[in-house]
Amino acid sequence: MESFAPVVLAIESLEETAVLEPCDVLVVGLADGNELSAAAAKVDAGQGGWIARAAAAGTIKSKRGEITLVPASGGSDAAGPAAIMVVGMGDPDLLDRGNVFDLGAAIMRRIIDVSRDRVVIALADQVATEMHDALVAGAVCGCDGQALYASQPVICPPAAVAMVGVDASQIARGRIVGESINVTRRLINEPPNVIYPASFAEAATRVADETGLAVEVWDETKLAAEGCRAILAVGGGSIHPPRLVILRHDGGGEGEPTLAIVGKGVTFDSGGLSIKPSDGMFDMKCDMAGAATVVGVMRAVALLKLPINVVAICGLAENMISGDAYRLGDVIETRSGKTIEIHNTDAEGRVVLADALDVALQHEPLAIVDLATLTGACMVALGRDVAGLMSNDSSLCDQVAAAAETEGEWAWELPMFGFYDEQVKSKVADLKNVGDGRWGGAITAAKFLEAFVGDTPWVHIDIAGPAFAESPKPHRDAGATGVMVRTLIRWLGGATG
Ligand code: BES
Ligand code: MN
Ligand code: ZN
């Protein structure tokens, strides 16, 4: 059984004079005040002016994201575009990188139902130049989705896309970011019988080999030798043994500091002996989204040749049930030497991260950011669409929050008041793996993690809500979203100034 190959969208840059050449779909913009993009005005002139008339009559709307797709009227330009898509741009001054990304994706999603040879996108004059790469990245992401195993492809990306007025460097950057997000999404969307710790590690190794990242994979023997007893405990009940993947990008100088990113990679979370009900278990192939995000980010960091040193750690285990599964009441000595008492085997992510964070510390990073689909409680706190930020260092947390804001991804800080610490203390061991009751569950999970980062500045990003979507939107399929890939690329790109 093999899934569809990842999309490789051929995107070229086009001069504005070429917009009247033949194509299957010409995409133009309509901003508030019924302002036509330059290309739209040019095309409209050859089409008898129906675009302007329809806009004035309110038949075609300028509201951001509103899309009208119509056959071209012929007119004097019968040899030009076969169809015209008018995209509502809203107020161009209010567009942020997130909106622009979503527009790029929504445009493509509107035309991938049938295969087309050539699509010309000509609305970049209504988008700030420094956001052009986001339009490209969005377009790339709009061409991938979750139907990896349908016997007939559900998505037919066009053979060629031309972007008018977008220069080649923006196209190159947007493609790298968009394809990296798709790598993340693909890893998450693959079913859990295909992606398990060893196959995830192989996929990460392939990405590393293709992009020049250094890679190291720890198998169960090495994990034991390294004292990663927490990861081994969580994975103990599975026939697929755990792995830990270390990816390195050494783009900075030798004496330069290293930044660390760490991802939760539970390739399937049944809950273990504290088993989940079917409803709650169904989407749990997404529980490796943190690790998949880390892989996508590292791919982009390598291809963008960012002048920094980054180490990435993926803690990979499958949380299952068997005679070897870890139990409630078990005490595990983690790699750090701290002991943890298991109160709930479904709070496994933090147990995996305890060892993964300790491995990260060994690289003496300047800062650590971890990503994890860690708690349902974070979704209760912030809703499905917003990532939770929890940190021991307010200026680092502000940096990550600012990167998210710049990219138009939603993230919000939750407090880490000292009194929560009491809640993760165990009567038997140093820590227990749940808080007292379910209140504040996102924060007590973060408090547990905090015990494993020492004094190193650290931000934990709980992506349980936004990593995986139940229903589709105009700009994205349901399933994996690739959330926080853009934010982390932005943060890493800005981390050295
Ligand atoms: N992987 C889940 C969290 C999750 C829930 C992710 C929904 C994505 C969507 C995590 O391992 C988990 O089961 N957390 C428990 C913790 C509890 C047992 C303290 C939870 O949130 O219920
Ligand atoms: Mn769980
Ligand atoms: Zn989990």
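Student: How far apart are the zinc ion (ligand 3) and the manganese ion (ligand 2), and which residue coordinates both?

Tutor: The two ions are 3.1 Å apart, and D269 coordinates both. Bear in mind that this is a predicted model, where local features need pLDDT of at least 70, side-chain atom pairs count at pLDDT 80 or more, and totals for chains, interfaces and linings use all residues. Residues are numbered from 1 along each chain as its sequence is written, chains are lettered from A and ligands numbered from 1 in the order in which they are written, and side-chain values use heavy atoms, with hydrogens and water left out.

Student: What makes an atom a donor to the zinc ion (ligand 3), and which protein atoms are its donors?

Tutor: A donor is an N, O or S atom within 2.8 Å of the metal (3.2 Å for Na, K and Ca), and since water is not among the atoms, sites may look incomplete. K264 (NZ), D269 (OD), D287 (OD) and E348 (OE) lie 2.0 to 2.4 Å from the zinc ion (ligand 3), so they make the cut.

Student: Why is the arrangement around the zinc ion (ligand 3) called octahedral?

Tutor: Six donors count as octahedral if opposite donors are over 155 degrees apart and all others between 65 and 115 (four are square planar by that rule, or tetrahedral if all angles lie between 85 and 135 degrees; anything else is irregular). Here 6 donor atoms subtend angles of 78 to 175 degrees, which makes the arrangement octahedral. Along the chain, the donors are spaced K-x4-D-x17-D-x60-E. The pair links distant parts of the chain: K264 sits in strand β10 and D287 in the loop between α9 (278–281) and α10, 23 residues apart.

Student: And what makes the manganese ion (ligand 2) site irregular?

Tutor: The manganese ion (ligand 2) also has 6 donor atoms, but their angles run from 72 to 167 degrees, which makes this arrangement irregular. D269 (OD), D346 (O), D346 (OD) and E348 (OE) coordinate the manganese ion (ligand 2) at 2.0 to 2.2 Å. The donor residues read D-x76-D-x1-E in sequence. D269 is in strand β10 (residues 258–269) and E348 in the loop between β13 (339–341) and α11 (349–362), 79 residues apart.

Student: On to the helices. Why are α10 and α15 called oblique?

Tutor: Under 35 degrees counts as roughly parallel, over 145 as roughly antiparallel, 65 to 115 as roughly perpendicular, and the rest as oblique. Helix α10 (residues 289–303) and helix α15 (residues 485–494) cross at roughly 45 degrees, with their axes coming within 9 Å. They are therefore oblique to each other.

Student: How do you know which residues of α10 and α15 meet?

Tutor: Contact means heavy atoms within 4.5 Å. In α10 the residues are T293, G296, V297, A300 and V301, and in α15 they are V485, L488, I489 and L492. By class, the contact has 7 nonpolar, 2 polar and no charged residues.

Student: What makes α5 and α15 oblique?

Tutor: Helix α5 (residues 168–189) packs on α15 at about 130 degrees, with the axes 10 Å apart. That puts them in the rest, so α5 and α15 are oblique to each other. R173, V177, I181 and T184 in α5 meet V485, R486, I489 and R490 in α15, and the contact has 4 nonpolar, 1 polar and 3 charged residues.

Student: Why are α3 and α4 oblique too?

Tutor: Helix α3 (residues 97–111) and helix α4 (residues 132–142) cross at roughly 40 degrees, with axes coming within 7 Å. They are therefore oblique. This contact has 9 nonpolar, 3 polar and 3 charged residues.

Technical notes: Axes fitted to C-alpha atoms, helices over the stretch in contact; angles between N-to-C directions. Helix = DSSP H or I, 4+ residues; strand = E, 2+ residues; numbered from the N terminus. Nonpolar A, V, L, I, M, F, W, Y, C, P; charged D, E, K, R; others polar.
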